[in-house]
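Me: I would like to learn how to read helix packing and residue burial in a structure. Could we work through an example together, step by step?

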Amino acid sequence: MNFWDYLGNRHQQLLTDAFQHASAVFQCMVVATVIGVLIGVFTYRSEWAGNVATTATSTILTIPSLAMIGLLIPVVGLGVAPTVIALTLYGLLPIVRNAIVGLRGVDPSLVDAAKGIGMSRIARLFKVELPIAWPPILTGIRVSTQMLMGIAAIAAYASGPGLGNEIFRGIGSLGSKNAINQVLAGTLGIIILALLFDAAYVLIGRLTISRGIRV
């Protein structure tokens with residue numbers, strides 16, 4: 001069976017796996033973005049706190065994904081839970097680092113002007129600082145998403161969802177007639193999803209970043 005015949009016969013399962021893969025990455029990115037931006041907001045004013053936050057999230061990223069999931073399985077079991085926890089933790093570093101850099105890069109005179117017209121600390125954060133820091137934050141989100149697309153394939157090791165199941169089935173049956181087709185289908189599916197997500201982020205950037213900031 002050639003590759004195209006394999007896709008035709010397995011398209012329903014491949015679409016299901018692709019949807020689960022994309023859904024897992026998207027949901028974990030939402031959680032990682034919220035946590036990462038909050039960490040950035042609470043630490044960017046202090047050099048020490050910012051360094052601790054960056055170092056801690058960098059350390060998490062150095063843990064091999066198989067080891068991370070293997071350590072989580074005894075605690076939370078197989079399936080979705082270890083996948084979500086691992087992906088969320090791995091997605092933090094680029095978001096935290098870019099949030100800190102973006103917030104520190106806001107012109108102090110703009111913050112002082114906002115303070116001068118009576119804006120509260122929360123209002124300055126949401127109306128002045130975060131909108132200006134949004135471009136680097138969005139870049140961090142894009143980088144995290146690309147990383148998680150690949151890492152999510154390891155979720156199959158813990159009976160998690162996604163295209164990694166196709167890859168693992170192919171690797172586990174090397175020598176059979178469809179082994180290469182399975183690995184290739186899973187790999188190409190992940191690449192296509194990564195490109196689609198990145199295109200979506202480009203569109204989000206055009207819609208949410210003001211023209212003045214882009215210039």
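Reply: What follows is a walk through helix pairs, annotated spans and single residues. Please keep in mind throughout that this is a predicted model.

Me: Let us begin with helix packing. What describes two packed helices?

Reply: Two packed helices are described by the angle between their axes together with the distance between those axes. Here, helix H1 (residues 3–43) and H7 have axes that come within 10 Å and cross at roughly 140°. H1 is therefore oblique to H7, since an angle has to be over 145 degrees to count as roughly antiparallel. The crossing of this pair, H1 and H7, is right-handed.

Me: Which residues of H1 and H7 meet?

Reply: From H1 come His21, Val25, Met29, Thr33, Val37 and Val41, and they meet Leu125, Leu130, Ile137, Ile141, Ser144, Thr145, Leu148 and Met149 of H7. Sorted by class, the residues of this contact between H1 and H7 are 10 nonpolar and 4 polar, with no charged residue.

Me: At what angle do H6 and H7 pack?

Reply: Helix H6 (residues 108–116) packs with helix H7 (residues 121–151) at an angle of about 165°, and their axes are 10 Å apart. That angle is why H6 is described as roughly antiparallel to H7. H6 passes H7 in a right-handed crossing, and the contact is formed by Leu110, Val111, Ala114 and Lys115 on the H6 side and by Arg124, Val128, Glu129 and Ile132 on the H7 side. By class, this contact of H6 with H7 has 5 nonpolar and 3 charged residues, and no polar ones.

Me: Which residues does UniProt list as "transmembrane region"?

Reply: An annotation comes from a record, and one can then ask what the model shows over the listed residues. The unreviewed UniProt entry lists residues 24–44, 65–93 and 183–204 under that name. In the model, residues 24–44 are 95% helix and 0% strand, with 29 Å between the end C-alpha atoms, while residues 183–204 are 100% helix and 0% strand, with the end C-alpha atoms 32 Å apart. The unreviewed entry in UniProt also lists residues 18–201 as "domain: ABC transmembrane type-1"; that span is 82% helix and 0% strand, and its end C-alpha atoms lie 19 Å apart.

Me: Turning to single residues, is Thr83 buried or exposed?

Reply: The idea is to look at relative accessibility, where under 20% counts as buried. Thr83, which lies in helix H4 (residues 80–90), is at 5% and therefore counts as buried. Leaving aside neighbours within four places in sequence, Thr83 is in contact with Cys28, Ala155, Gly160 and Pro161.

Me: Where does Ala156 lie, and what does Ala156 touch?

Reply: Ala156 is found in the loop between H7 and helix H8 (164–172), and with a relative accessible area of 14% this residue is buried too. Not counting residues up to four places away in sequence, Ala156 touches Gly164, Asn165 and Phe168. Between Ala156 and Gln146, 10 residues apart in sequence, the C-alpha to C-alpha distance is 18 Å.

Me: How does Ser210 count by relative accessibility?

Reply: Ser210 sits in the loop between helix H9 (179–208) and helix H10 (211–214), and at 37% relative accessibility Ser210 counts as partly exposed. Sequence separation and distance in space are separate readings: Ser210 and Ile132 are 78 residues apart along the chain, and their C-alpha atoms are separated by 9.0 Å.

Notes:
Residues are numbered from 1 along each chain as its sequence is written. This is a predicted model: local features need pLDDT of at least 70, side-chain atom pairs count only at pLDDT 80 or more; totals for chains, interfaces and linings use all residues. Side-chain values use heavy atoms; hydrogens and water are left out. Axes are lines fitted to C-alpha atoms, for helices over the stretch in contact, and angles run from 0 to 180 degrees between N-to-C directions. Helices (H or I, at least four residues) and strands (E, at least two) are DSSP runs, numbered from the N terminus. Angles under 35 degrees count as roughly parallel, over 145 as roughly antiparallel, 65 to 115 as roughly perpendicular and the rest as oblique. A crossing is left-handed if the near helix is turned anticlockwise from the far one by less than a right angle, and right-handed if clockwise. Contact means heavy atoms within 4.5 Å. Ala, Val, Leu, Ile, Met, Phe, Trp, Tyr, Cys and Pro count as nonpolar, Asp, Glu, Lys and Arg as charged, and the others, Gly among them, as polar. UniProt positions are given in the numbering used here, feature names are shortened, and annotations may be inferred rather than shown by experiment. Buried means under 20% relative accessible area, exposed over 50%, partly exposed in between (1.4 Å probe, protein chains only).
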